[in-house]
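Please find below a short note on the model, set out as numbered points. The points proceed from single residues to the sheets and the helix pairs.

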Amino acid sequence: MALCIRDFLEFDYFKSLEVLAGADGLTGAVDSCGILDYELEQGLNKKYTDQNFHPGQLVLTSLLFAKNNPFLIRDAVKYVVSKGGSGLVIKNVFRLPIHESVLRYADSKKFPILLMNDPQMYFETFIIQVDKYLRMAENTETVEWELTRLLDQPLNAGEKRECIHRLFPSFSDQYEVIYCNMTQPVSANEFQKMRTDLQMLGEKMTFKCILPYQSGLFLVVSDTSVSPDQIEICIDMIRKYKPDGSIGVSKASFRMVDIDTALREAMYAAKVHRLRKKQSTFEEKFLLYEQLGIYRVLLPLIEDERLQRYSCDILDPILEFDAENRGNLLQTLLEFVQCDGNLHELSAWIGQHENTFRYRLDKIESITGLNYKKPCDYEQLAFAARVYLLLQA
């Protein structure tokens, strides 16, 4: 993932930076750092070719070149803008005035100017920190690419072993996978803090790693025997940063060659967890793959056209009735199935009398010919509703 200045401002090291101008340009991508020094110094600026800067660079300067002529600050800003720089960070050691016209110009160009206020912040450490997070972001992109290959591409045995080894270089006898799905992807700052927290767990588990993927992240725990307490510790750590995340946990596995299966199991469990969290009566902070029931069969097949057609054949007449009559029969059916056919639970969840739902379910019977009170008919209604819920999710 590409990092922009706004991302860097979320990291603790950079929080003391003050945005003076160009706030609308904080989303510009950063790929490196440079130092503006001799380029505007009289007598030197014509001696060297201007090849120091390129688009995407975050440029640092002490304004040494302007200590006798503060008007050169405007030239410096124009110079970095012309080079396509992502922003200018000023350590104003000479306490030079920065004219309002310079700030207005930066605003008009959506070019961020930031002030380095912390006297203990030095260019060398600043550049090292930027490089650290850029390399972390680059590694994140590589990890996502490797995970996509492992989960979506037909790899032969050798390719699969190599891919697994690159992602998970060290494992113990047993492992489980946790997946957290989020409405908002984890930020670079949050991800770094999670990694630090995970390392601080110390000897509580032999091996653990956290990997970003799509709109969520995987956390893999391995030990001679993974305990429920170890899983809870990791989930609590995730929820500290993403309390609204939907979390799934795979079955325990023992062979590294099965890691792709465990990754999918965790993703499937997280998806169903998201569905169940909508119920006010469901309070579990995560869901185990073993608890998915029929969803264990449906999820791997959800893209199958035959499955979708079966669901449409049953539900389309209900959808048509709702459209013509401004009804909510389908919503009632979906909620009824999410409560496993329990009217008492449905009534408590939605806050309406059971007879209201009985009337609507009887209406569904008159439309589809399927009676929710008969187990074989309910089975068909529930199957179609679960396919619909997964497709909508």
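1. In this predicted model, the side chain of Gln-57 comes to 3.4 Å from the backbone oxygen of Cys-33. Gln-57 belongs to strand 5. Its relative accessible area is 6%, and Gln-57 therefore counts as buried, the limit for that class being under 20%. Beyond residues up to four places away in sequence, Gln-57 touches Asp-31, Ser-32, Cys-33 and Gly-34, as well as Asn-52, Gly-85, Ser-86 and Gly-87. The residue that accepts the side-chain approach, Cys-33, is thus also listed among the contacts of Gln-57.

2. Strand 5 is part of an open, five-stranded sheet with mixed pairing, in which the strands follow the order 2-7-6-5-4. At the edges are strand 2 (18-21) and strand 4 (32-36), each of which pairs on one side only. From one strand to the next the twist averages 30 degrees.

3. Which strand does strand 5 pair with in the parallel sense, and over how many bridges? The partner is strand 6, and the pairing extends over four bridges. Within it, Val-59 has Leu-88 of strand 6 as its bridge partner. In a regular strand, side chains alternate between the two faces of the sheet. For strand 6, Gly-87 and Val-89 point one way, while Leu-88 and Ile-90 point the other way. All four of these residues are buried. Gly-87 also appears among the contacts of Gln-57.

4. The pairing of strand 2 with strand 7 (residues 113-115) is antiparallel and comprises three bridges. Here Val-19 stands opposite Leu-114 of strand 7. Helix 4 (residues 123-152) packs on this sheet, where it touches strand 4, strand 5 (57-61) and strand 6 (87-90). The direction of helix 4 makes about 160 degrees with that of strand 4.

5. A further open sheet of five strands has the order 9-10-8-11-12, again with mixed pairing. Strand 9 (207-213) and strand 12 (287-288) each have a single partner strand, so one side of each is left without a neighbour in the sheet. Strand 11 (residues 246-249) and strand 12 run parallel and are joined by two bridges. Val-249 has Leu-288 in strand 12 as its bridge partner.

6. Two helices should be noted together with this sheet. Helix 8 (residues 259-276) packs on the sheet and touches strand 8, strand 9, strand 10, strand 11 and strand 12. Its direction makes about 40 degrees with that of strand 8. Helix 7 (residues 228-241) lies across strand 8 (174-181), strand 9, strand 10 (216-223) and strand 11. The angle of helix 7 to strand 10 is about 155 degrees.

7. Helix 10 (residues 305-325) and helix 13 pack at about 115 degrees, and their axes are 9 Å apart. The crossing is right-handed. Helix 10 contributes Ile-314, Pro-317, Ile-318 and Phe-321 to the contact, and helix 13 contributes Lys-363, Ile-364, Ile-367 and Thr-368. By class, six of the residues in this contact are nonpolar, one is polar and one is charged.

8. Is Thr-368, in helix 13 (residues 354-368), buried or partly exposed? Thr-368 counts as partly exposed because its relative accessibility is 23%, and the buried class requires a value under 20%. Apart from neighbours within four places in sequence, Thr-368 is in contact with Ile-314, Ile-318 and Leu-381. Ile-314 and Ile-318 are among the helix 10 residues at the crossing with helix 13. The side chain of Thr-368 also reaches the backbone nitrogen of Leu-370, at 3.1 Å. A separation of 65 Å lies between the C-alpha atoms of Thr-368 and Leu-20, residues that are 348 apart along the chain.

9. Helix 11 (residues 329-338) and helix 12 (residues 343-350) form another packed pair, with an angle of about 115 degrees and axes 9 Å apart. Helix 11 passes helix 12 in a right-handed crossing. On the side of helix 11, Glu-335, Phe-336 and Gln-338 take part, and they meet Leu-343, Leu-346, Trp-349 and Ile-350 of helix 12. This contact has five nonpolar residues, one polar residue and one charged residue.

Note on methods
Residues are numbered from 1 along each chain as its sequence is written. This is a predicted model: local features need pLDDT of at least 70, side-chain atom pairs count only at pLDDT 80 or more; totals for chains, interfaces and linings use all residues. Side-chain values use heavy atoms; hydrogens and water are left out. Two strands pair if DSSP finds at least two bridges between them. Axes are lines fitted to C-alpha atoms, for helices over the stretch in contact, and angles run from 0 to 180 degrees between N-to-C directions. Contact means heavy atoms within 4.5 Å. Buried means under 20% relative accessible area, exposed over 50%, partly exposed in between (1.4 Å probe, protein chains only). A polar contact is a pair of N or O atoms within 3.5 Å; within protein, one must be able to donate a hydrogen and the other to accept it, and residues adjacent in sequence count only if both atoms are side-chain atoms. A crossing is left-handed if the near helix is turned anticlockwise from the far one by less than a right angle, and right-handed if clockwise. Ala, Val, Leu, Ile, Met, Phe, Trp, Tyr, Cys and Pro count as nonpolar, Asp, Glu, Lys and Arg as charged, and the others, Gly among them, as polar.
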